Amino acid sequence: MSRISRFLSRCMSSLYEVYGREAEIYRAPTSGAVIADCRNNCDRRIFLACGFERTPTAFRLRLPEGLSEAEQKARATQAMVHLFHAGHYTDTASHLVCDSTLAATWAELRERRPDHPGWPTSPTTDTHTATATSTQPAASHRP
């Protein structure tokens with residue numbers, strides 16, 4: 001591992017300790033591109049599945065150029081919801097959140113998991129409770 005890689009790793013660790021977020025989605029001030037910074041492979045896979053592409057910087061991804069504003073918001077919102085659902089805290093710029101995509105993505109996730117009665121009904125609820133029909137503890141319902 002080179003000195004630069006170690007330095008970068010230490011910087012990222014420090015940022016994670018201070019801010020506590022695992023991913024961040026924002027618009028670059030100079031280019032206007034939608035950028036995603038992520039610190040682990042799980043986050044990276046989710047971003048790639050939502051249409052982000054790799055950049056030369058190891059921990060940074062971006063949306064392809066040429067997308068409309070609505071498509072950029074939709075992809076950023078989908079990534080945010082899927083990361084939150086996977087248990088990763090994501091800091092997303094408020095101007096990149098699309099309310100209709102937010103509702104549609106949560107509805108899609110709820111439809112995929114009807115066999116888990118303890119799943120939350122609201123995207124802001126992160127607690128899972130066991131129901132009378134469930135014999136396993138509520139923690140086992142989490143992915």
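**Exercise 1. The whole chain**

What share of the contacts with a separation of 6 or more in the protein comes from residues 24 or more positions apart? Then describe the elements, the burial and the surface.

*Solution.*
Step 1. The model is predicted, so local features need pLDDT of at least 70, side-chain atom pairs count only at pLDDT 80 or more, and totals for chains, interfaces and linings use all residues. Residues are numbered from 1 along each chain as its sequence is written, and side-chain values use heavy atoms, leaving out hydrogens and water.

Step 2. A contact means heavy atoms within 4.5 Å. Pairs 24 or more positions apart make up 45% of the protein's contacts with a separation of 6 or more.

Step 3. Look at the elements. Helices (H or I, at least four residues) and strands (E, at least two) are DSSP runs, numbered from the N terminus. The protein has 4 helices and 5 strands. Their order from the N terminus is α-β-β-α-β-β-α-β-α.

Step 4. Turn to burial. Buried means under 20% relative accessible area, exposed over 50%, and partly exposed in between (1.4 Å probe, protein chains only). Of the 143 residues in the protein, 35% are buried.

Step 5. Finish with the surface. Accessible areas come from the Shrake-Rupley method with a 1.4 Å probe; for residues, only the protein chains shown count as cover. The protein's accessible surface is about 8700 Å², and carbon and sulfur atoms hold 53% of this surface.

**Exercise 2. Two helices that meet**

Work out how α2 and α3 cross, and which residues meet there.

*Solution.*
Step 1. Helix α2 covers residues 41-49 and helix α3 covers residues 69-85. Axes are lines fitted to C-alpha atoms, for helices over the stretch in contact, and angles run from 0 to 180 degrees between N-to-C directions. The two axes come within 9 Å and cross at roughly 145°.

Step 2. From α2 come Asp43, Ile46 and Phe47; they meet Ala79, His82 and Leu83 of α3.

Step 3. Sort these residues. Ala, Val, Leu, Ile, Met, Phe, Trp, Tyr, Cys and Pro count as nonpolar, Asp, Glu, Lys and Arg as charged, and the others, Gly among them, as polar. The contact of α2 with α3 has 4 nonpolar, 1 polar and 1 charged.

**Exercise 3. The core**

Which residues touch the most other members of the largest nonpolar core?

*Solution.*
Step 1. A nonpolar core is a set of buried Ala, Val, Leu, Ile, Met, Phe, Trp, Tyr and Cys residues joined through side-chain atoms within 4.5 Å.

Step 2. The largest core has 20 residues, and Ile25, Phe47 and Phe52 touch the most other members. Two or more residues come from each of β1 (23-27), β2 (34-38), α2, α3 and α4. Helix α3 gives the most, with 5 residues.

Step 3. Follow Ile25. Beyond its neighbours within four places in sequence, its contacts include Val34, Phe47, Ala79 and Leu96.

**Exercise 4. Buried or exposed?**

Place Thr105, Ser100, Arg27 and Thr57 in their elements or loops, and class each by its accessibility.

*Solution.*
Step 1. Thr105 is in helix α4 (residues 99-112). Its relative accessible area is 3%, so Thr105 is buried. Leaving out residues up to four places away, Thr105 touches Gln78, Val81 and His82.

Step 2. Ser100 also lies in α4. Ser100 is exposed because its relative accessibility is 53%. Its C-alpha atom is 9.5 Å from that of Thr77, 23 residues apart along the chain.

Step 3. Arg27 belongs to strand β1. With 22% relative accessibility, Arg27 is partly exposed.

Step 4. Thr57 sits in the loop between β3 (53-54) and β4 (60-62). Its relative accessible area is 31%, so Thr57 is partly exposed.
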